[in-house]
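Biologist: Could you take me through one spot in the nonpolar core, and then work outward from there? I'd like the residue-level picture in one go.

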Amino acid sequence: MIEIQEVTKSYGGTAVVDRVSLTLPSGGLTSIIGPNGAGKSTLLSIVSRLMPMDTGKVLVDGLDVSRAAGDVLARRLSIMRQDNHITARLSVRDLVAFGRYPYSKGRLTAADAEHIDRSIAYLGLEPYQNRFLDELSGGQRQRAFIAMVLCQDTDYMLFDEPLNNLDIKHAVETMKLLRRLADDFAKTVVVVLHDINFASAYSDRIVAMQGGRLAFEGPPQDMIVPSRLQAIFDVDCRVHAVGDTRLVNYFD
Amino acid sequence: MRPVLFAIPVVLLLAAVSVFTGVGSLASSDDGRGWLLVVESRLPRTLALMLAGAGLAVSGTIMQMLARNRFVEPSTAGTAESAALGMLLAMLIAPNLPVAGKMAFAALTALAGTALFLQILRRVPLRSALMVPLIGLMLGGVVNAVTTFIAYRYDLMQSMGAWMSGDFSVVLRGRYELLWIGFALTLVAYATAARFTVIGMGEAIARNVGLDYDKVVTLGLAIVSMVTATVVATVGMIPFLGLVVPNIVSLILGDNLRRTLPVIAISGAGLVLACDIIGRIVIAPYEVPVGTVMGVIGSLVFLHLLLSRRSHAG
């Protein structure tokens, strides 16, 4: 369980995250949606201790993220951001292997090697595992980073806009993969998403933010309704039920 | 492991050539003067070259990981200039301090200068990778101007020249041993290599895998500053070395430093040996300082890297 208690973060007097309190239960896939500047990515960075908060507290299974030792938390929670600009020129296998860093500190054991093999196989990266990252396509590189966090094997896995810059095929593949992490591996997956329909189709829970505040939260059927979407995004839209999924049409 | 096995004999061969290159003859001596020449001058020079080369190449690599930029090394980030300023200040404030003490002071100023560089990088919005060395060169220029001003005032321009341009012709037994400190730090860098690779993956990924980011940056800065200070204090700065060697090794073998750092250290030693041999041969019996030879070769390789990288990226 991730407990976010009264978290605030300001830049130059403007609160980017404003007194947000939120509890994310273990298991399932939670999407965080909201307009640009709503504070989604900032909140995710605070939860994963990449960014300090001004006031408030975040507990991951009771572990205070601003006090816990780095490697202890790194065995419990991982985050993948979308701007993975890496200076170090690494092969796919080396990158994935660094997912074991919290456990092995760079000296890999046989058990680590097994984890690495499994993660690479799970993402279908075997043919490229000895290639350098800068020799891969965008979609392959994205999968390599997901393999790295999978290899880190944490209960909580956070993804900040993982669908950015991906074509529709790779976006769907990535979302299905995150869904499987929750279903097959019983991981708690939290994803910041821009596309409401992706959030609607793949989430167990949707959290909506606006202006640094928590606006609404609930299951997709409660969240994907015109009145709420209008309030969150300030866009007129209609919602259609297609099978079990509610899809949003905001084009007219 | 194969690249290391290939590089070691090449470097040993260069070292042998280096020992046997020079004006004085080693063979013609009667009362063991040849031996004296080897022990007092030739061997110390060869060792100094290898230690400085290995240390600077490894320092360049670490700096590139810390600054997350391929064009950074001690002479493009203000590190060497700050070390020279430290040497000058130590000379003025405590002229009787032994060289080791002055070097320690230079290491502190180098640390401050490099930390300042990294702070500037954090604050300036970087629109291009080339901005980073540009900022470093400007910072180095400012520090250098201050040093020059003071040196001019106190008639110490000659010392300053000795710190800023590498010259191994002055190396004798008893005058280069500080470089072994730099070598010890190079070994520390190897022992902690995985951390620097993680740093090179960026702050977010480093924190994500639980690395104490600030601590590792501090360790890296300390290593780089000390190594640079030992080189500046004993033989003088060798520009471009920390740029050329890591970039070429990275192009071929990548940046998993646990694997590549030995290759980088050995190649750095080899390249400095080669440059020094060239410098000793071209206008024999006179010498071209190794810094000058390295400057020519280094800037050509650097230019090639820039151009080929662009076509690679495009």
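**Around B:A106**

Modeller: Sure. Skipping its neighbours within four places in sequence, B:A106 is in contact with seven residues that I'd split by numbering: B:A83, B:G86, B:M87 and B:A90 on one hand, and B:A229, B:V232 and B:A233 on the other. Keep in mind that this is a predicted model.

One of those partners, B:V232, is worth a second look. The largest nonpolar core has 169 residues, and B:A106 and B:V232 are the ones that touch the most other members. The top contributor to this core is helix α2 of chain B, residues 33-67, which puts in 15 residues. Chain A is in on it too: domain 1 (1-76 + 155-252) and domain 2 (83-153) of chain A each supply at least three residues to this core. As a rule, nonpolar side chains in soluble globular proteins tend to be buried together.

Now follow α2(B) to its packing with helix α10 of chain B, which covers residues 213-234. The two axes are 9 Å apart, at an angle of about 150°, and α2(B) passes α10(B) in a left-handed crossing. On the α2(B) side, the contact uses B:A48, B:A52, B:G55, B:L56, B:S59, B:I62, B:M63 and B:L66. Facing them from α10(B) are B:V217, B:G220, B:I223, B:V224, B:V227, B:T228, B:V231 and B:T234.

Over in chain A, let's go back to the two domains. Chain A is divided into domain 1 (1-76 + 155-252) and domain 2 (83-153), and the C-alpha centres of these domains of chain A lie 25 Å apart. Where they meet, 9 residues of domain 1 of chain A are in contact with 7 residues of domain 2 of chain A. On the domain 1 side of that contact in chain A, the elements giving two or more residues are α2 (70-74) and α7 (168-185) of chain A. Of everything on that side, α7(A) gives the most, with 3 residues.

Last stop in chain A is an open sheet of 4 antiparallel strands, running β2-β1-β4-β5. Its edges are β2 (14-24) and β5 (63-64) of chain A, each paired on one side only. Strand β1 of chain A, residues 2-11, pairs with β2(A) over 7 bridges in the antiparallel sense. If you want a landmark there, find A:I4, which stands opposite A:L22 in β2(A).

Technical notes: Residues numbered from 1 in each chain as written. Chains lettered and ligands numbered in written order. Predicted model: local features only at pLDDT ≥ 70, side-chain atom pairs only at ≥ 80, totals over all residues. Core = buried A, V, L, I, M, F, W, Y, C linked by C-beta atoms within 7 Å. Buried ≥ 20, exposed ≤ 12 C-beta atoms within 10 Å, placed from the backbone. Domains from an automatic or database assignment. Contact = placed C-beta atoms within 7 Å. Pairing = 2+ DSSP bridges. Axes fitted to C-alpha atoms, helices over the stretch in contact; angles between N-to-C directions. Left-handed = near helix turned anticlockwise from the far one by under 90°.
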